[in-house]
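Visitor: Hi, could you walk me through this one?
Guide: Happy to, let's bring it up.

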Amino acid sequence: MRWFWIDRFIEFVRNTRATTIKNVSFGEEPIDDYLPGHPHYPHSLIIEGMAQTGGLLVSEEGGFRTKTVLAKVSKAVFHELIVPGDQIFLTAVVQDKKPSGAIIEGTVTVDGQVRAELELSFAFLDDRFGETGLFPAEDLLRTLRILKLFDVAVDQNGNRIHAPEHMLEAERQAPQGFVHSRAISQSKPA
Amino acid sequence: MQVSEEVFSKVQAALIDALGVDDDEVTPQATMVGDLGAESIDFLDIVFKLEKSFGIKVATEDLFPKDILTESTYVQDGKVTATGIAELKKRMPWADLSKFETNPRVQDFGDLLTVSDLCRYVESKIA
């Protein structure tokens with residue numbers, strides 16, 4: 001199973017805020033398996049989706065080199081179940097960012113109604129946890145493209161954020177398979 | 001040194017919120033790590049809540065003078081030297097180091113801070 005609980009970025013402002021969407025489908029195994037007969041989107045996956053949204057938001061500056069991990073769920077309040085057919089909007093707003101980590105406030109809405117409120121803390125791991133990133137740069141770049149992050153990402157002045165050069169270089173050095181996937185992820189419908 | 005009721009009350013609220021502890025656990029003498037169970041990531045949360053509540057800026061180095069605790073001038077055989085203790089007192093006048101001084105093992109420094117220390121630190125920032 002692919003562990004992505006967001007489908008696409010629709011807003012990304014460096015170190016400030018990001019919004020992703022997630023379309024909930026009955027075809028996803030956890031939806032029905034979590035509580036058979038009562039299909040709904042598990043709360044834990046809402047948290048994971050917000051962690052992916054917020055984690056990418058707080059680790060973008062510096063070219064996604066920061067080793068960011070979800071360290072604490074300080075607050076998680078769920079108001080109503082999310083069910084197949086719902087389109088979830090996950091908005092993360094940076095509350096604080098320091099060299100050791102960051103805190104985001106997350107709001108989850110469906111049809112403009114708040115379904116969940118979260119507060120998450122992320123830790124930035126230092127070199128004791130390895131000198132390289134948590135994911136191969138070319139692999140992460142491919143994921144970011146699929147999530148359309150670079151289509152919407154801007155810095156605080158509204159300037160477009162492009163794929164970091166070190167990731168592009170890693171992609172150029174990667175095996176041929178990545179070149180193929182890059183072509184797919186960059187292709188646009190006619 | 002006595003801390004003001006208002007500062008204690010706000011610090012207590014921040015700790016209850018950040019650590020999920022009960023109000024009667026957050027006594028002035030309680031240590032952050034040993035008694036209240038704070039882990040390293042909790043300090044990010046605590047600092048954030050204190051900054052928000054008091055309108056101050058807290059530098060991590062204020063609470064954890066890592067440079068002193070890792071520099072050979074100040075540490076020998078895993079213990080902070082007399083010079084190191086003097087430097088700690090200069091940098092952390094709000095902290096009660098008397099117990100730590102009796103056996104200043106670096107590994108014990110993490111469990112040094114008490115709720116009272118944190119209150120006095122906040123008072124030094126808002127003074």
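Guide: One rule before we begin: the expected span of a helix is 1.5 Å times one less than its number of residues. Helices (H or I, at least four residues) and strands (E, at least two) are DSSP runs, numbered from the N terminus.

Visitor: And what should I know about the model and the numbering?
Guide: The model is predicted, so local features need pLDDT of at least 70 and side-chain atom pairs count only at pLDDT 80 or more, while totals for chains, interfaces and linings use all residues. Residues are numbered from 1 along each chain as its sequence is written, with chains lettered from A and ligands numbered from 1 in the order in which they are written.

Visitor: Let's try that helix rule. What should helix H7 of chain B span?
Guide: Its twelve residues, 115-126, should span 16 Å at 1.5 Å a residue, and the end C-alpha atoms are 17 Å apart, which agrees.

Visitor: Which residues of H7(B) are buried?
Guide: Among them are B:Val115, B:Leu118, B:Cys119 and B:Tyr121. Buried means that 20 or more other C-beta atoms lie within 10 Å of the residue's own; exposed means 12 or fewer, partly exposed is in between, and C-beta atoms are placed from the backbone.

Visitor: What covers them?
Guide: The cover includes helix H1 (5-19), helix H2 (40-54) and helix H3 (60-63) of chain B.

Visitor: Switching to chain A. How many helices and strands are there?
Guide: Chain A has six helices and seven strands. From the N terminus on, the order is β-β-α-α-β-β-β-β-α-α-β-α-α.

Visitor: How does its radius of gyration fit the globule rule?
Guide: A compact globule of 190 residues would have a radius of gyration near 16 Å, and chain A has 17 Å, which agrees. That radius is taken over C-alpha atoms, and the rule is 2.2 Å times the number of residues to the power 0.38. The C-alpha trace of chain A spans about 50 × 40 × 35 Å along its principal axes, and 31% of the 190 residues count as buried.

Visitor: In what order do the strands sit in the sheet?
Guide: The seven strands form an open sheet in the order E3-E6-E5-E4-E2-E1-E7 of chain A, with mixed pairing. Two strands count as paired if DSSP finds at least two bridges between them. Strand E3 (67-78) and strand E7 (153-154) stand at the edges with a single partner strand each, so one side of each is left without a neighbour in the sheet.

Visitor: Which helices pack on the sheet?
Guide: H2(A) is one of them, touching E1, E2, E3, E4, E5 and E6 of chain A, with its direction at about 50 degrees to that of E4(A). H2(B) also packs on the sheet, touching E3, E4, E5 and E6 of chain A, and its direction makes about 75 degrees with that of E5(A). Axes here are lines fitted to C-alpha atoms, for helices over the stretch in contact, and angles run from 0 to 180 degrees between N-to-C directions. A contact means C-beta atoms, placed from the backbone, within 7 Å.

Visitor: Is H2(A) largely enclosed or left open?
Guide: Largely enclosed by the rest of the structure, because 13 of its 17 residues are buried. H2(A) reaches 24 Å from its first C-alpha to its last, close to the 24 Å expected.

Visitor: How do E4(A) and its partners pair up?
Guide: Strand E2 (residues 17-23) and strand E4 (residues 87-98) of chain A run antiparallel, joined by seven bridges. A:Arg17 has A:Val93 as its bridge partner, and A:Ala18 has A:Ala92. E4(A) and E5(A) pair in the antiparallel sense over ten bridges, and they form a hairpin with two residues between them.

Visitor: Where's the largest nonpolar core? Which residues have the most contacts inside it?
Guide: That core has 58 residues, and A:Met50, B:Val11 and B:Leu15 have the most contacts inside it. Its largest share, seven residues, comes from helix H2 (residues 43-59) of chain A. A nonpolar core is a set of buried Ala, Val, Leu, Ile, Met, Phe, Trp, Tyr and Cys residues joined through C-beta atoms within 7 Å.

Visitor: What does A:Met50 contact?
Guide: Leaving aside neighbours within four places in sequence, A:Met50 is in contact with A:Leu90, A:Ala92, A:Gly106, A:Val108, A:Leu118 and A:Leu120.

Visitor: Any odd backbone angles? Which residue in the loop between E5 and E6 of chain A should I look at?
Guide: A:Asp111 is found there. A:Asp111 has a positive phi of about 55 degrees although it is not a glycine, and with 8 C-beta neighbours inside 10 Å it counts as exposed. A:Phe64, in the loop between H2 and E3 of chain A, has a positive phi near 60 degrees, but A:Phe64 counts as buried, with 22 C-beta neighbours inside 10 Å.

Notes: Two residues are in contact if their C-beta atoms, placed from the backbone, lie within 7 Å.
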